[in-house]
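The following note was prepared for a colleague who wishes to read the structure at the level of individual residues. The points below may be taken in order beside the sequence and coordinates.

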Amino acid sequence: MPLTRTLRFRLIMSVALVHALLMGVFVWHALTTESERLRTDTQNRAEALSVLLSVATTNAVLTEDLGSLAEVIDRVGRHPDVTHAQIIDRRGFVLAGTEAEAVGRPVVEAAADELSREDLLLRLHRDIEVSGNVVGEVYLEMSMAQMHGLLAARRNQALIFILFAMGIGGVVAWLISLHITRDLHAMSAAASRVGQGDLSVRVGVNARDEIGHLAAGFNSMVESLEALSAEARDEHAKRIEAERLSYAGQLAAHMAHEIRNPLSAVINSVKLLERAELASRDRSQLVDIINGETQRLQRILQGFLDSARTQELRLETADASSLVEQVVHLACRDSEAGERIRVHLDFHQRPCPVVHDADQLRQVIWNLVLNAIQAMPEGGRLTISTDPRGERVRFTVQDTGEGFPCHLLSFATEPFYTGRRNGIGLGLVIVQRILSQHGTRLEIDSREGQGTRMSFELDMG
């Protein structure tokens with residue numbers, strides 16, 4: 001069994017995933033809280049610094065004391081988180097700033113690449129007011145890199161903590177699963193032996209939990225199966241013996257019935273031949289009768305032997321379409337009614353590789369085709385087709401002959417049943433036996449006066 005489908009793997013993964021989920025929710029909440037706290041602290045420091053800067057530069061802005069403004073900006077620029085600071089007059093010109101080349105020039109809006117870094121920068125604008133009038137503006141940029149670096153370190157620590165927790169959880173789950181699955185494996189091995197027919201196996205699990213109750217139930221079930229199996233074997237043996245005797249009686253009755261008429265004809269003919277006054281013409285007719293009836297007796301006995309004989313199959317994967325075509329042409333040529341038969345071969349797949357015994361399959365096709373031809377003494381249409389169905393191929397022999405009466409269709413494969421005057425009723429019995437050896441069976445669909453369709457399936461090679 002693949003490792004991913006075992007109970008142990010699923011238990012370990014379940015515990016590990018639960019650990020990861022719980023720790024992930026906890027860490028996410030902690031990181032979110034920490035991020036908000038750090039952002040708030042940075043915001044507060046930035047606002048406090050901007051307020052301090054606006055208050056400290058109010059008089060210098062009014063008097064345009066560039067030296068004082070430059071000194072204040074220089075002190076602010078030394079702050080580790082400040083990346084940029086400017087003092088702007090009400091006309092929009094830079095009076096002082098951390099970038100000396102911008103002093104005296106109009107304020108330039110931040111470039112696009114700087115705007116894209118808003119997640120790393122905190123920008124603040126604060127007006128410089130005197131008696132309610134705006135005389136200037138303080139612009140301050142503070143870096144958030146330190147805060148993000150601190151959060152990244154916390155995330156890495158949390159990830160290591162989650163992996164460590166998953167490892168601990170996995171080890172604990174493995175130990176638990178080892179205890180649980182050890183008994184389950186013993187039960188699985190015992191069940192496999194039971195499936196192979198060994199009903200003497202028992203599970204030696206002494207646990208007092210659900211596994212122990214399950215093992216006790218398993219042992220009780222196997223004991224019951226062992227008792228029932230012994231009873232079933234006895235019943236089966238008795239039933240087989242009864243069926244064998246019944247079948248032997250039926251065959252004996254059929255044989256006696258079939259042999260009685262030709263044997264009586266032979267006996268009567270022999271008695272008549274003893275008469276000296278018998279004319280030569282009558283004697284010749286009696287000899288013909290004896291020859292014909294003895295040949296019939298021979299056919300009956302040979303057919304009986306063929307139906308009872310079970311030959312060992314020699315299975316191979318080979319094309320069956322050419323075999324079917326060859327047998328059909330031979331059967332039509334050898335039959336008296338063959339010249340009046342229109343043959344239609346409908347092979348949906350050529351070649352048609354199936355698993356079969358060539359000699360046995362030839363016998364099946366021969367019997368089915370011969371039956372179909374004999375069912376059309378005045379001629380008709382004979383259709384032989386193959387139809388792939390998944391992993392099997394369906395063979396069908398269909399005629400437009402006399403057909404079977406509905407009430408007699410179930411007897412078509414019974415020994416010695418025949419609807420022909422010279423038939424012995426063993427052809428379809430032989431067909432059914434051969435197909436049974438191939439793991440399939442003959443299906444018959446017939447309507448009186450409309451024809452018969454006989455089908456069977458074989459495995460594709």
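Does R202 count as buried, partly exposed or exposed, and at what relative accessibility? The answer is given in point 3, together with the salt bridge of R202.

1. Overall content. The model is a predicted one. The protein has 461 residues, of which 34% count as buried. Its secondary structure comprises 10 helices and 11 strands. Among contacts with a separation of 6 or more, 67% involve residues 24 or more positions apart. The exposed area of the protein is about 28200 Å², and 55% of that area is supplied by carbon and sulfur atoms.

2. A salt bridge between α1 and α5. The structure contains 19 salt bridges. One of them pairs the side chains of R154 and E34, at 2.8 Å from N to O. Because R154 belongs to helix α5 and E34 to helix α1 (residues 7-56), this pair ties together parts that are 120 residues apart in sequence. The two partners fall into separate classes of burial: R154 counts as partly exposed, at 32% relative accessibility, whereas E34 counts as buried, at 14%.

3. The R202 pair. R202 has a relative accessibility of 32% and therefore counts as partly exposed. Its side chain meets that of E226 in a salt bridge of 3.0 Å, N to O. R202 is located in the loop between α5 and α6 (210-273) and E226 in helix α6, so the bridge ties together parts that are 24 residues apart in sequence. E226 likewise counts as partly exposed, at 34% relative accessibility.

4. A network involving β9 and β11. R392 and E457 form a salt bridge in which the closest N and O atoms are 3.8 Å apart. This pair links distant parts of the chain, with R392 in strand β9 (residues 392-398) and E457 in strand β11 (residues 451-459), 65 residues apart. The bridge does not stand alone: through shared partners, salt bridges join R392, R394, E443, E457 and D459 into one network. Within this group, R392 counts as partly exposed at 23% relative accessibility, and E457 counts as buried at 18%. The cut-off for buried is under 20% relative accessible area.

5. Packing of α9 and α10. Two packed helices are described by the angle between their axes and the distance between the axes. For helix α9 (residues 358-374) and helix α10 (residues 427-437), the angle is about 145° and the axes are 9 Å apart. The crossing of α9 and α10 is left-handed. Helix α9 contributes Q360, Q363, V364, N367, L368 and N371 to the contact, and helix α10 contributes G427, L428, I430, V431, I434, L435 and Q437.

6. Enclosure of α10. Helix α10 is largely enclosed by the rest of the structure, because eight of its 11 residues are buried. The buried residues are L428, V429, I430, V431, Q432, R433, I434 and L435. Just after α10, G439 adopts a positive phi of about 80°.

7. A nonpolar surface patch. Which residues form a nonpolar patch on the surface? They are F164, I168, V172, I176 and I180, and together they have about 440 Å² of accessible area. I168 is part of helix α5 (residues 145-195). With a relative accessibility of 44%, I168 counts as partly exposed.

Conventions
Residues numbered from 1 in each chain as written. Predicted model: local features only at pLDDT ≥ 70, side-chain atom pairs only at ≥ 80, totals over all residues. Heavy atoms only, no water. Patch = residues over 30% accessible without salt bridge, like charges linked within 9 Å, V, L, I, M, F, W, Y side chains within 5 Å. Areas by Shrake-Rupley, 256 points an atom, 1.4 Å probe, with all protein chains shown as cover. Salt bridge = Lys/Arg side-chain N within 4 Å of Asp/Glu carboxyl O. Helix = DSSP H or I, 4+ residues; strand = E, 2+ residues; numbered from the N terminus. Buried < 20%, exposed > 50% of the residue type's maximum accessible area, 1.4 Å probe, protein only. Axes fitted to C-alpha atoms, helices over the stretch in contact; angles between N-to-C directions. Left-handed = near helix turned anticlockwise from the far one by under 90°. Contact = heavy atoms within 4.5 Å.
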